[in-house]
Amino acid sequence: MLLLHAVNMVGGQIRYSVPEEMKKGSVIGNVAQDLGLDLRRLRSGRARIVTGENIQYTELKTDKGILVVNERIDREQLCGDITPCSFSFEVILENPMELHRITVEVLDINDHAPVFPNTDKPISFEISESAAVGVQFPLQSAEDLDVGQNALQDYILSPNDNFILKQHANPDGTKTCEIVLQKPLDREQRPNYSLKLIAVDGGTPQRSGTINIDVTVLDANDNVPVFNQSVYKASVVENTVKGTSVITVNATDADSGSNGLITYSLSKMKGSAADMFTIDENTGTISVSGQIDYEKNRKYELRVEAKDRGGLIGTSKVIFDVFDVNDNAPVINIMSFSSPLSEDSPPGTTVAIMNIKDADSEKNGQIKCSIDGKLPFKIESSLTNYYNLISAQHFDRESVSDYNITITATDLGSPPLSTSTKLHLKISDVNDNAPLFDKNSYSAYIAENNSPGMSIFTVSARDSDWNQNARISYLLEDTQVSGSPVSTYVSLNSETGVVSAVRSFDYEQIKQLRLVVKAQDGGSPPLSSNVTVKIMIQDQNDNPPQVLYPVQTGGSVVAEMVPRSADVGYLVTKVVAVDVDSGQNAWLSYKLQKATDRALFEVGSQNGEIRTIRQVTDKDAVKQRLSVIVEDNGQPSRSATVIVNVAVADSFPEVLSEFTDFPHDKEYNDNLTFYLVLALAVVSFLFITCLVVIISVKIYRWRQSRVLYQSNLPVIPYYPPRYSDTLGTGTLPHVYNYEVCRTTDSRKSDCKFGRAGSQNVLIMDPSSTGTMQRMQIEKSILDEPDSPLEVS
């Protein structure tokens, strides 16, 4: 079979022509070439055929871009007698969405022969012998489902002497026929005639159908019933109730008696008209007997026969026009729906493609689409019966994460019919929100001498995005605190935001930490925000007071002189002390703990001034010893004790004689020569021994470095028993002990050792004859703040 292929592509539409009854898999046309599409575009766009019919006659081969037959195409089943016969469908592509319409015209082939109704029963006529020449007898029409040249073309009557065949062409293209008496009948010569009526079409090869005609000759009845109209016209509304009378036909017969009695009947002409109507054989009233459906048939044609008792038949035609009723609601089919939809989709993005049809006609089939509620969408018409759901504004998933869209299609009939469908559109997240902290800045407090690893504070941020875009990690910005990275002071849990102490803090060394915490989400690219966290170190009473004056020495005696002429309130000296703590922990109070004569001196509780509380007399001892305790206000409180020696005298010789009378000083003077000789011997021995040891160690290390010069030995740190790390309590002992372990390559490195601060003390030696003024003593104290104290 030769394939006829015609392509017409205008505005995204293609038209093909194919004969019916093609084999499955037969090629209809090259869609990719005709649409100007690349095969990769068909595959990437998931090209597919969308049709509103139950049967999909065609199939799109996306790998080749061709359209092939998928199901048997029967033109008569598809279109009936409608010409031209065609069906349409759409090809949809996605990413981006494209819509193309394809129309396939089905060409008829001569696959049906003309068929007479009730071929198993012959057509019977009873004709009076008195029938006049030229009397016509209508015959049943044959039906050929083919169209055009392949449809019914001619009738042929078998040869005979009395009858000839007469054919008539109807406006709808069909043909009817009747036999005409051309020679009078003679029942006595021949009472019966058996004829054959052959219906042939114009196809190649030609097909035909045959039916027998039996003619019985009756006695004389020479008048044929005659209708008062050759054509009757009536209108009927679809869905008319069965039994409803539509029209009444009327025929008359000039004969009298039984030959003038008429009965009415319907003769099937074409289609299912005879199944939709019935006629009262006595009155000629035609009534509805079937379901009238405008969408199936818009016009019915019937042939009415009036037959008398003599067998004469008169005919007329009845044409019924069907009026449409709005009895079909629109039908909504979702062809494509994009969900979820990214929240950064611009306005005008196609969300869904819908096919909406209404089987009614004119206004009853016109459709208006709308969206229920105030939603950021609109509906636009694209191709015939196709509508696009389009976004009308920008989306924000953090405000609205999904939409329930109700689309209503309403026709323009009276009353209007409508259909609704619901779409649930989800909005997918885009990382467009940075994490936000609960506060603009945070403040936290921690007491000094804390345990390393102690939790200080928790920062918290939130992100309005979803899923991975809302997953927050906390990071510590690299800042410096007192020249050291902040990470050496605190640590930050990246998941919980808990800020913990890495070391033990000392308020006296650092009073506050300022760090920057960054909250970063897991989006791509990630978004972040920063917040400042201020950590204040709270002081604890971990330092005792330190006495700056008077300075305490190991073996010498420091004394203050008070003249015997001193009045009440005479300022003897002032105990100066400090506390490196802060707040109430540094509030100092002074008390006189012990005194040689408590009735002579008092100490100011706030300023530490030692004054006389009465007039000095000659009876007062020259040497006065006072014990003053300095106490802070912490909980628990800490204290320091200082010994103040006071000399009550008017001249230095008197003071010296008094302070040189101590037993231990006399014993010391008696044995002075012995101690000097012994000290000289010990110092000489130690000097020689140290010199030998140093030389030996140098030689030993030089030899070891030569042997192990190229070795890679690990550095093993050794921490001495009195080692105090940076995570201590903040108060260091007076003695510092370090041991340095060096590798074989450490000979190239440098070590610097600090030297202990010099100790300046105010000494009064019994053997000394010189004196130091108070002003010089105070200057010495101010210049040397690191002087040792006696601390309890």
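The accessible surface of the protein comes to about 44,400 Å², and carbon and sulfur atoms contribute 50% of it. The model is predicted. With the whole chain displayed, 39% of the 792 residues count as buried. A secondary-structure colouring shows nine helices and 51 strands. Among the contacts with a separation of 6 or more, 67% link residues 24 or more positions apart.

**First stop: an open sheet**

Select strand 1 (13-19) and strand 3 (48-50), then add strand 6 (residues 85-93) and strand 7 (residues 98-107). These four strands form an open sheet in the order 1-7-6-3, and their pairing is mixed. Strands 1 and 3 stand at the edges with a single partner strand each, so one side of each has no neighbour in the sheet. From one strand to the next, the twist averages 30°.

Now restrict the view to strands 6 and 7, which pair in the antiparallel sense over nine bridges. Which residue of strand 7 stands opposite Leu 93? The residue to select is Glu 98.

**Second stop: a salt bridge beside the sheet**

Keep the sheet in view and select Arg 46 and Glu 94. Their side chains form a salt bridge in which the closest N and O atoms are 2.4 Å apart. Why does the pair tie together parts that are 48 residues apart in sequence? Arg 46 lies in the loop between helix 2 (39-44) and strand 3, whereas Glu 94 belongs to the loop between strand 6 and strand 7, so the link joins two separate loops. The two partners can also be compared by accessibility. Arg 46 counts as exposed, at 53% relative accessibility, while Glu 94 is buried, with a relative accessible area of 10%.

**Third stop: the disulfide**

Select Cys 79 and Cys 85 and show the side chains as sticks. These residues form a disulfide, with sulfur atoms 1.9 Å apart; the count for the structure comes to one disulfide. The link between Cys 79 and Cys 85 is right-handed, with 70° about the S-S bond. Is Cys 79 buried or exposed? Cys 79 counts as buried, at 14% relative accessibility. Cys 85 likewise counts as buried, at 2%. A further cysteine to select is Cys 177, which is buried with a relative accessible area of 1%.

**Fourth stop: further charged groups**

The structure holds 18 salt bridges. Select Arg 75 and Glu 76, whose side chains meet in a salt bridge at 3.5 Å, N to O. Arg 75 counts as buried at 1% relative accessibility, and Glu 76 is buried as well, with a relative accessible area of 9%.

Next, select Glu 21, Arg 72 and Asp 74 together: these residues are linked in a network of salt bridges.

Then move along the chain to Glu 609 and Arg 611, where the side chains meet in a salt bridge at 3.0 Å, N to O. Arg 611 is partly exposed, with a relative accessible area of 28%. Glu 609, at 19% relative accessibility, counts as buried, because that value falls under the 20% limit.

**Fifth stop: Val 580 and its contacts**

Select Val 580 in the loop between strand 46 (576-578) and strand 47 (589-595). Val 580 is partly exposed, with a relative accessible area of 42%. Which residues does Val 580 touch, not counting those up to four places away in sequence? Glu 508 and Asn 543 are the residues to add to the selection. A distance drawn between the C-alpha atoms of Val 580 and Glu 508 gives 6.7 Å, although the two residues are 72 residues apart along the chain.

**Last stop: strands 47, 50 and 51**

From the loop that holds Val 580, continue into strand 47 (589-595). Strand 47 runs antiparallel to strand 50 (residues 623-631), and six bridges join the two. Within this pairing, select Leu 592, whose bridge partner in strand 50 is Val 628.

Finally, add strand 51 (residues 639-648), which pairs with strand 50 in the antiparallel sense over nine bridges. Which residue of strand 51 is the bridge partner of Ile 629? Selecting Thr 641 shows that partner. Strand 50 thus appears in both pairings, with strand 47 and with strand 51.

Definitions and conventions. Residues are numbered from 1 along each chain as its sequence is written. This is a predicted model: local features need pLDDT of at least 70, side-chain atom pairs count only at pLDDT 80 or more; totals for chains, interfaces and linings use all residues. Side-chain values use heavy atoms; hydrogens and water are left out. Two strands pair if DSSP finds at least two bridges between them. Axes are lines fitted to C-alpha atoms, for helices over the stretch in contact, and angles run from 0 to 180 degrees between N-to-C directions. A salt bridge is a side-chain nitrogen of Lys or Arg within 4 Å of a carboxyl oxygen of Asp or Glu. Buried means under 20% relative accessible area, exposed over 50%, partly exposed in between (1.4 Å probe, protein chains only). Contact means heavy atoms within 4.5 Å. Accessible areas come from the Shrake-Rupley method with a 1.4 Å probe; for residues, only the protein chains shown count as cover. A disulfide is a pair of cysteine sulfur atoms within 2.5 Å.
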